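Please find below a short note for a reader who is meeting this structure for the first time. The points concern its pockets and its aromatic rings.

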Amino acid sequence: MKKLINNPRAVVDESVEGFGMAHADLVDVHPDPKFVVRKGAPVKGKVALVSGGGSGHEPLHAGFVGLGMLDAAVPGAVFTSPTPDQIIPATTAVDSGAGVVHIVKNYTGDVLNFETAAEMAQAEGVAVRSVLVNDDVAVEDSLYTAGRRGVGGTVLVEKIAGAAAERGDDLDAVAAIAERVVANVRTMGVALSGCTVPHAGTPSFELADDEIEIGIGIHGEPGRHKIAMEPADAITDRLLEPVLEDLSIASGDKVLLFVNGMGGTPLSELYIVYRRAAQVLAERGATVERSLVGNYVTSLEMQGCSVSVLRLDDELTTLWDAPVHTAALRWGV
């Protein structure tokens, strides 16, 4: 194992500390219990958004704390849910009195711990709404979850719901916008290689040199099937078709196309995937109104990508375009 680390057990502590130092103009880091908040939080009169999950998916979630997205992010150990003892103080720290929306990826640990935290925060007088992200079409149940997993679509939920909160929507309205994004986004991923959790020291799974796994999860969970390596266009078709089928994308639909890298794949390759996905959508008569390409929901150094499609309407498009200023996503400011 070769990694730019010191102590495998200190990776999250040192990484989050470095993140806070690098982006001190945007965030404040609370070291114990560990969470990251937007500079100047709470924002008076604004509904707050809180998300979190296991580390190893950077820039998710801390990289999306800031104007127009999250008010707080709660990082757990690598591929391990944060605890209620972290989520509760993060929630209360950003509540302005307008309430808090928890955006939760559908993994059993995340769901249980955010649920517990929401109950405790509500007991302290904080109004909380929880939105479950479950955009992965690859499998219904996996090692980490009952039902579909929350993957790349999480970024789109956080951005659009964050814009709704920023424009002054109330708690129920922000939660409803987030739910609307969840209902209209689907994702599927592929792995070309495994990844190594620092304290484990060995890859989470093995693939032969000529083998890939279709439908992989962001923790290296098994997907639909392993196949021999194929050209990029063929792989893209395998990822996109189930997404379009599940969303029932038809001629005339307007969409956001998001090609996400898993951490170890060059941008040049992600754009090859994007090229093919855009061609397929055009052939179906759908219009790609907005795009995002890059490493936003990673799995350490895993090679691979995911393809997400979000069906847009005028309001969702406006909210996507709204100003955002975070470490990992920024425009319009």
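1. Helix H1, which spans residues 11-22, makes the greatest contribution to the lining of the largest pocket, with five residues. It should be kept in mind throughout that the model is predicted.

2. The volume of this largest pocket is about 390 Å³. Its lining comprises 19 residues, and those closest to the centre of the pocket are Ile5, Val11, Ser15, Glu58 and Leu300.

3. As to the character of the lining of the largest pocket, nine of its residues are nonpolar, six are polar and four are charged.

4. The second largest pocket has a volume of about 190 Å³. It is lined by 17 residues, of which Glu58, Leu60, His61, Ala62 and Pro75 are the closest to its centre. Glu58 thus appears among the residues closest to the centre in the largest pocket and also in the second largest pocket.

5. Which elements supply the lining of the second largest pocket? At least two residues each come from H1, strand E3 (48-55) and strand E4 (72-78). The largest share belongs to E3, with four residues. H1 therefore deserves attention in both places, as a contributor to the lining of the largest pocket and to that of the second largest pocket.

6. Sorted by class, the residues lining the second largest pocket are nine nonpolar, seven polar and one charged.

7. Turning to the aromatic rings, a search of the whole structure yields three aromatic pairs. Phe64, Phe258 and Tyr296 are joined into a cluster by ring pairs.

Conventions. Residues are numbered from 1 along each chain as its sequence is written. This is a predicted model: local features need pLDDT of at least 70, side-chain atom pairs count only at pLDDT 80 or more; totals for chains, interfaces and linings use all residues. Side-chain values use heavy atoms; hydrogens and water are left out. Rings of Phe, Tyr and Trp (its six-membered ring) pair if their centres lie within 6.5 Å; planes under 30 degrees apart count as stacked, over 60 as edge-to-face and the rest as tilted. On a 1 Å grid over the protein atoms alone, a cavity is a set of points where a 1.4 Å probe fits but cannot get out, and a pocket is an open set with protein on both sides within 12 Å along at least five of seven lines; lining residues have an atom within 4 Å of a point. Grid points are joined across faces, edges and corners, and a volume is the space filled by probe spheres set on the points. Ala, Val, Leu, Ile, Met, Phe, Trp, Tyr, Cys and Pro count as nonpolar, Asp, Glu, Lys and Arg as charged, and the others, Gly among them, as polar.
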